[in-house]
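These are my notes from going through one model, entry by entry. I began with a single side chain and worked outward to the fold.

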Amino acid sequence: MDLSRFDAGGIEVEETIFRLDEMLERVIDGLRPDAESKTLRIQVSGPQCSVCSDRLLVERVLSNLLTNAIRYTNEGSITVTTTAISGSTIEVSIAYTGIGIASEDQERVFDDYAQLHNPARSREKGAGLGLAIIERIDKLLGLDLRMHSTLGVGSEFVFRLPLSDHSAAGPAPLPEEEYTEGYPDLRVWVIEDDPDVAEAFEEQLKSWGCSVFMAKNRTEIECESEKTGVWPDVIFIDDMLPDGEQGLDIAKLLIQHLDQDRIIVLTGNVDRKRQSEIQDSGFRLVVKPAHPDLLRQIIVSIGKQG
C-alpha cells in the first residue's frame with residue numbers, strides 16, 4: 001500500500017524544522033532491544049542540529065536503514081555519524097559490520113521485494129520493501145542517497161539533509177567560565193502557548209540561574225509588568241500564538257519598553273517569507289527548536305550588557 005501511494009504521487013512532502021539528533025536518539029532507543037539481543041553495539045556521534053525536511057519521511061528512512069543494519073549484522077557494531085559538510089548541509093552515515101553485498105548485486109537491493117540474503121522468504125526478515133521505500137523517499141526529498149558495501153565486510157548508507165537556516169549544526173559551546181551563573185537575577189520572560197515547550201524552556205532558563213516568568217499572551221505580560229513595576233531584561237516571544245495573535249506584533253509594541261536587541265522572536269514556521277518579514281523588522285529571529293547553546297549565548301550577551 002505504501003509503495004502504491006508513492007508511485008501514484010499520493011505522498012505529499014510537509015517540511016518542518018526539527019532536531020535531527022533528537023530524532024536519531026528516539027529511533028535508536030526504539031531499536032536498541034533488538035540490537036542488544038544480538039549483542040550489537042550502536043555508536044552515535046555528531047553535533048546537535050536542526051534540519052528542514054519532512055519529519056515523518058526522514059524518520060522512516062532512519063528506521064528502515066537501522067532495522068536493516070540490525071537484521072543483517074550478526075556481530076560487531078553499527079555506527080551512526082552526522083557531519084556538517086557545509087553551512088547548509090549535514091550528512092548522515094549509517095555503517096555496520098554486516099554480511100555485505102556483492103558488487104554485482106548492489107543495484108538490485110533497491111528493487112521491490114528484493115531480499116538477497118533471504119532466499120527462503122522468511123517473514124521474520126521482512127518483505128524486502130524497506131530499501132524500495134527509502135529509494136522513493138530519496139527521490140521525493142532529494143537526499144542524495146548513496147551506498148557502499150563490501151561482501152563479508154559490511155555496508156554503509158549515506159544521505160544528506162538541509163540544515164535549517166539558523167542551525168548551522170549548532171553554535172560553538174561557550175567556555176564554562178562564561179556560563180550564566182554570573183547573572184542570577186537576569187529577568188527573562190517568555191511568551192509560549194505550547195505547555196511542553198514552555199516547561200522545557202522554563203527549566204532550561206532556571207538551570208542557568210535566571211528569574212523566569214512564563215506567559216501565554218500579551219495580556220499576561222502586561223499584567224505582570226503592571227504588578228511588578230518592571231520589564232524584563234530579555235523576552236522571548238513565539239510568533240504563532242492562539243486566537244490569531246502574532247509574536248511579531250507584540251514585539252513591535254514592546255519597543256517602547258525594551259531595546260530591540262532584547263526582544264527575541266521565536267518561530268517554528270518554515271515559511272521563508274514569514275522568517276524574512278521578522279528579520280527585516282529588525283528583531284533577532286530564532287528558529288525552533290532553539291538550540292540550547294544559542295539560547296545560552298543570547299542570555300550571556302544580554303547579561304554582559306547589564
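**Entry 1: Glu91.** I looked up the exposure of Glu91 in this predicted model. Its relative accessible area is 18%, and the cut-off for buried is under 20%, so Glu91 counts as buried. I placed Glu91 in strand S5, which covers residues 89-96.

Which side chains make polar contacts with the side chain of Glu91? I found Arg146, at 2.8 Å, and Arg160, at 2.9 Å. I then listed what Glu91 touches, leaving out residues up to four places away in sequence. The list has Thr81, Thr82, Thr83 and Ile85, then Arg146, and finally Val158, Phe159 and Arg160. Both arginines of the polar contacts, Arg146 and Arg160, therefore appear in the contact list as well, as the 3.5 Å limit for a polar contact falls within the 4.5 Å limit for a contact.

**Entry 2: aromatic pairs.** I searched for ring pairs and got three. One of them is Trp189 with Trp231, a tilted pair with 6.0 Å between centres and 45° between planes. I checked where the two rings sit in the chain: Trp189 is in strand S8 (residues 187-191), while Trp231 is in the loop between helix H6 (218-228) and strand S10 (234-238). The two are 42 residues apart, and the pair links distant parts of the chain. Buried or exposed, I asked of Trp189? Trp189 has 4% relative accessibility, so I noted it as buried.

I moved on to Phe201 and Phe236, which form another tilted pair, 5.3 Å centre to centre with 50° between the planes. Phe201 belongs to helix H5 (residues 195-207) and Phe236 to strand S10, so this pair ties together parts that lie 35 residues apart in sequence. I noted both Phe201 and Phe236 as buried. I also recorded a cluster in which ring pairs link Trp189, Phe213 and Trp231.

**Entry 3: the sheet.** S8 and S10 came up with the aromatic rings, and I looked up the sheet they belong to. In what order do the strands of this open sheet run? I read five strands, S9-S8-S10-S11-S12, with parallel pairing. Strand S9 (211-215) and strand S12 (284-287) are the edge strands, each pairing on one side only. From one strand to the next the twist averages 20°.

I looked at one pairing in detail. Strand S11 (residues 263-267) and S12 run parallel and are joined by four bridges. Ile264 stands opposite Arg284 in S12.

Next I checked helices against the sheet. Helix H7 (residues 247-254) packs on the sheet and touches S8, S10 and S11. The direction of H7 makes about 155° with that of S10. H6 lies across S8, S9 and S10 and runs at about 140° to S9.

**Entry 4: whole-protein totals.** I closed with the overall counts. The protein has nine helices and twelve strands. Of its 306 residues, 46% are buried. Among contacts with a separation of 6 or more, 71% are between residues 24 or more positions apart. I noted an exposed area of about 15400 Å², with carbon and sulfur atoms supplying 47% of that area.

Technical notes. Residues numbered from 1 in each chain as written. Predicted model: local features only at pLDDT ≥ 70, side-chain atom pairs only at ≥ 80, totals over all residues. Heavy atoms only, no water. Buried < 20%, exposed > 50% of the residue type's maximum accessible area, 1.4 Å probe, protein only. Polar contact = N/O pair within 3.5 Å; in protein donor to acceptor, adjacent residues only side chain to side chain. Phe/Tyr/Trp six-rings, centres within 6.5 Å; stacked < 30°, edge-to-face > 60°. Areas by Shrake-Rupley, 256 points an atom, 1.4 Å probe, with all protein chains shown as cover. Pairing = 2+ DSSP bridges. Axes fitted to C-alpha atoms, helices over the stretch in contact; angles between N-to-C directions.
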